[in-house]
Amino acid sequence: MSIRPHEVYPSIPSPCFVLEENLLLNNLRLLQRVQQEAGIEIICALKGFSFYHEFPLVRKYLAGATASSLHEARLAFEEMQVKCHVYSPAYLEKEFEELASYTSHLSFNSFNQYQQFYQRAAQKGISCGIRINPEYAEVETDMYNPCVPGSRLGIRRSDIGEFLPEGIKGLHSHTLCENDSYVLERTLAVIDEKFGDLLPQVKWLNLGGGHLITRADYHVEHLIQVLTSFKAKYPHLAIILEPGSAVGWQTGFLKSKVLDIVHSAGIDVAILDVSFAAHMPDTLEMPYKPRIRFADSEPVAGKPTYRFGGMTCLAGDYYGDYSFEEPLQIGDEIILEDMIHYTMVKTTTFNGVNLPSIGKLDSNQNFILFKNFGYESFKDRL
């Protein structure tokens, strides 16, 4: 099947992030089911999914939102109309009063932070917790592992005494990264072993993000079993999950097009109107290989095969190789799948490249354009 601009989404500008509302609804309904059957709260982590145009829809299905900065908390407050659960490695003195006005629950990363901000948070009726480091994680990439030796994230059990500080109502653990329910089960066993004596002292346990509940091979029934079993042991605890990826997982794409095809040392390189470094940094940082619609994700002998390059001057701004049924041509449309979670929130204007537009295909498959970008978006960041 050849790929031509008019064959897929001719009405959508290129480049453009496009959320598919029906796919988002599928995710939200599944997450709502877990909430209801496990008797827990699932809140949307803005660091992974900040598509605020859909926050009113998200609010119908999930219990709220979680933020890691003043701007995220304000966005959730204004667009989802909820006060946030908030965690940050360190809070800024000049921002704290405003941040507190958008906050319902707040976790401290250290006892220093607790001593600096607890009284003000408590006076505003905020439920305060501390982030713990169980020193156990099944995360392959160190960049995403909060339990590496010397981690700055969370307090180890050996650094906490027999009793929690005054006013601490919750514990917050975040050690997962796109993990399944079996990793959560093993993590909970470690938390129970190391921190079980402290759990009767608190009212809530936040198990953070990294729960990839909406992935096709995720064992949802096992997750519900794990959570209900833990709640049976600690019935007084409110259990909170705060996935970001799971909300936006496979809910949309990045439309792009081929600007040029360069032949180099026997390799055909298709240069796109997007940048892997600026618009899809996780493909280089995680790293992972994005799927491209109508393409084989690995080279196939005998098929036209291309390496895809971005439009910045960075030598490493490329990813590949992919095979197609027919040769590509300049102007062909390329659909990079699963580009809504994390990708959008990490875009930059490096090299002055323009940001992709943002839009959605609504439940009736009508395209709605939310936003275009231009020179001011580049200049305002400098």
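Okay, so start at strand β10, where I239 is the bridge partner of L205. This is a predicted model, by the way. That pair belongs to a parallel pairing between strand β9, residues 204-206, and β10, with three bridges in it. How do you get from β9 to β10? Through helix α7, residues 220-233: together, β9, α7 and β10 form a right-handed β-α-β unit.

Now, β10 covers residues 238-241, and it also pairs with strand β2, residues 41-45. That pairing is parallel too, over two bridges. One residue to look for there is E41, which has I240 in β10 as its bridge partner.

Let's move on to the nonpolar cores. The largest one has 95 residues, and the members that touch the most others are F49, F108, L227, F308 and L336. In general, nonpolar side chains in soluble globular proteins tend to be buried together.

Take F308 and click through what it touches. Leaving out residues up to four places away in sequence, its contacts include A270, L272, F276 and I292, and also among them are Y318, Y319, G320 and Y322. There's a second core as well, separate from that one, with eight residues, including Y9, C16, V18 and F253.

Last stop, the largest pocket. How much space lies in it? About 1,000 Å³. Its lining is made of 43 residues, and the ones nearest the centre are K47, Y144, C177, S245 and Y342. If you want to find the walls by element, try β3, residues 64-67, and α10, residues 282-285: each gives at least two residues to that lining.

Conventions: Residues are numbered from 1 along each chain as its sequence is written. This is a predicted model: local features need pLDDT of at least 70, side-chain atom pairs count only at pLDDT 80 or more; totals for chains, interfaces and linings use all residues. Side-chain values use heavy atoms; hydrogens and water are left out. Two strands pair if DSSP finds at least two bridges between them. Helices (H or I, at least four residues) and strands (E, at least two) are DSSP runs, numbered from the N terminus. A crossover is right-handed if, with the strands pointing away from the viewer, the path from the first strand over the helix to the second runs clockwise. A nonpolar core is a set of buried Ala, Val, Leu, Ile, Met, Phe, Trp, Tyr and Cys residues joined through side-chain atoms within 4.5 Å. Buried means under 20% relative accessible area, exposed over 50%, partly exposed in between (1.4 Å probe, protein chains only). Contact means heavy atoms within 4.5 Å. On a 1 Å grid over the protein atoms alone, a cavity is a set of points where a 1.4 Å probe fits but cannot get out, and a pocket is an open set with protein on both sides within 12 Å along at least five of seven lines; lining residues have an atom within 4 Å of a point. Grid points are joined across faces, edges and corners, and a volume is the space filled by probe spheres set on the points.
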